[in-house]
Amino acid sequence: MRQLKVLVSGASIAGPALALWLARYGAAVTVVERWPELRTGGQLVDLRGVAREVIRRMGVEADIRAASEDNFGLSFVDGRGRSKGKVRADQFGGDGPVAEIEILRGSLSRVLHEGSRDHVDYRFGDRITSVRDEGAKVRVEFETGPAESFDVVVGADGLHSELREMLFGPEARYVRHIGAYVSFWTARNHLDLKDWTVVYSEPDRSIGMRSILGSTKVMAFLTFRGEAPSYDWRDTDAQKRIAKARAYGMGWEAAALLAQIDTAPDFYFDTCSQVNLPAWSAGRVGLVGDAAYCASPLSGHGATIAMVGAYVLAGELARTPDDITGAFARYEAGLRPWVEWIQRSAPGQGKVMTPRTRHGIALRNGVTRLAGHLPRKDLLLRNTVRMSNSMVLDDYSRYAVAAVRP
């Protein structure tokens, strides 16, 4: 592979994953991240289906599994904490409601960063302010560093991607709200949960907790239905007020969890939205992960498609380093049908997590309660399991540089 000079914007999941693969294929990679350091903590993400094969090929499977959070199952409970239905993690081959690999976003970022940092130039505390595709190169200006030229520039900067806005215009054109909100924050494990998740629902809203960090803490989470947002997504104080207001008066352990929002070190809140772009690239500049095709947290596949997308994009760039637009085109053509399938599934997943009515809650709990007694449990989630595993991966190993192998 001709040594491409590649700039990646974003050091969460898709960015470091792409950087690791590109470095293995011999590219000179720079990752720029606006935060001053690698962010730790954050919500739990799942690695499902074909993403497990990606991390195996990447050589980081053992590290990711060691950093993941054990979770043996999930219970839906009533206001008195009584189980009304539960499902175990081992019932659906690791791709059911409880995934085989669940890991804190920050822990996954750390593993990917540690696997790539010896071969990648990470620049924290800076951001891209402009890009200009000059045909043979892309001229990039930064907020603090000097301007540089690159062969390829890739945005991996999330749902609210600044690079995407530079390429395609305001996010309102391409980010579609799908009727729900989600929030996460670390809280005390006052119920002494052991590697387990508990969810309590009322019409149009659900709250729960999932043990993390060796069951010493929990990741509290809140989902609720709502119209398109009218707040500034950068205003954390406003987000906290909205979360507390929408969950006000809920039963079960809601009050105890909500009381910890203001002191939580890692409060997260956002819409459940999807990115629908007519193209994932323009010339020598492209997008990967949530920046290109966010499926929303309701899909349960955000980290999965980010990891797979990074693998495919890096491989296609390695295949034809002298034809960047062709590489971007093959990456999109190969990945888009699978991504769109996952995006179509997300609203249905939201109905399961946050039913609209008490009847819907009772129905969900009843189906969950029966699941463990059915002779063919896989029939319940056959479509979801197929979706997680249906993407066929090409083998790009012939492009690897031996010195960069793990």
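Here are some notes on the strands, helices, cysteines and aromatic rings of this structure, which is a predicted model.

1. **The open sheet.** A good place to start is the open sheet of 6 strands, whose order is S7-S2-S1-S11-S18-S17 and whose pairing is mixed. Its edges are strand S7 (120-124) and strand S17 (281-282), each of which pairs on one side only. Within this sheet, strand S1 (residues 5-9) and S2 run parallel and are joined by 5 bridges. If you want a residue pair to look at, valine 6 stands opposite valine 29 in S2.

2. **A helix across the sheet.** Helix H10 (residues 324-353) lies across three strands: S11 (152-155), S17 and S18 (285-287). The angle between H10 and S11 is about 30 degrees.

3. **Strand S13.** Have a look at strand S13 (residues 197-202) next, where 6 of 6 residues are buried. Both of its faces are covered: one side carries Thr197, Val199 and Ser201, the other Val198, Tyr200 and Glu202, and all of them are buried. Note that the buried set includes a glutamate, Glu202.

4. **The partners of S13.** Which strands pair with S13, and in what sense? Strand S4 (residues 73-77) pairs with S13 in the parallel sense over 4 bridges, and there valine 77 has tyrosine 200 as its bridge partner. Strand S14 (residues 205-212) runs antiparallel to S13, with 6 bridges joining the two. Here valine 199 stands opposite glycine 208 of S14. The hairpin of S13 and S14 has 2 residues between the strands, and aspartate 204 in this hairpin takes a positive phi near 70 degrees.

5. **Helix H1.** This helix, residues 14-24, is mostly covered, as 11 of its 11 residues are buried. Among them are Pro16, Leu18, Trp21 and Arg24. After H1 comes glycine 26, with a positive phi near 95 degrees.

6. **Aromatic pairs.** Across the whole structure, a search finds 15 aromatic pairs. One to inspect is tyrosine 25 with tyrosine 399: the ring centres are 6.5 Å apart and the planes stand at 85 degrees, so this is an edge-to-face pair. Tyrosine 25 sits in the loop between H1 and strand S2 (28-33), while tyrosine 399 sits in the segment after helix H12 (382-389), so the pair ties together parts 374 residues apart in sequence. Both tyrosine 25 and tyrosine 399 are buried. Ring pairs also link these two with Trp21, Tyr311 and Tyr396 into a cluster.

7. **Arginines over rings.** Two arginine-ring arrangements may interest you. Arginine 24 lies over the face of tryptophan 21, at 5.0 Å from the ring centre. Arginine 364 lies over the face of phenylalanine 76, and its distance from the ring centre is 3.8 Å.

8. **Cysteines.** How many disulfides does the structure hold? The count is 0. Cysteine 272 is in no disulfide, and the nearest cysteine sulfur belongs to cysteine 294, 8.8 Å away. Why is cysteine 294 not bonded to cysteine 272? The sulfurs are too far apart for a bond at 8.8 Å, given that a disulfide needs the two sulfur atoms within 2.5 Å. As for their surroundings, cysteine 272 counts as buried because its relative accessibility is 0%. Cysteine 294 is buried as well, with a relative accessible area of 5%.

Conventions: Residues are numbered from 1 along each chain as its sequence is written. This is a predicted model: local features need pLDDT of at least 70, side-chain atom pairs count only at pLDDT 80 or more; totals for chains, interfaces and linings use all residues. Side-chain values use heavy atoms; hydrogens and water are left out. Buried means under 20% relative accessible area, exposed over 50%, partly exposed in between (1.4 Å probe, protein chains only). Two strands pair if DSSP finds at least two bridges between them. Rings of Phe, Tyr and Trp (its six-membered ring) pair if their centres lie within 6.5 Å; planes under 30 degrees apart count as stacked, over 60 as edge-to-face and the rest as tilted. A charge sits over a ring if NZ of Lys or CZ of Arg is within 6 Å of the ring centre and within 35 degrees of the ring normal. Contact means heavy atoms within 4.5 Å. Axes are lines fitted to C-alpha atoms, for helices over the stretch in contact, and angles run from 0 to 180 degrees between N-to-C directions.
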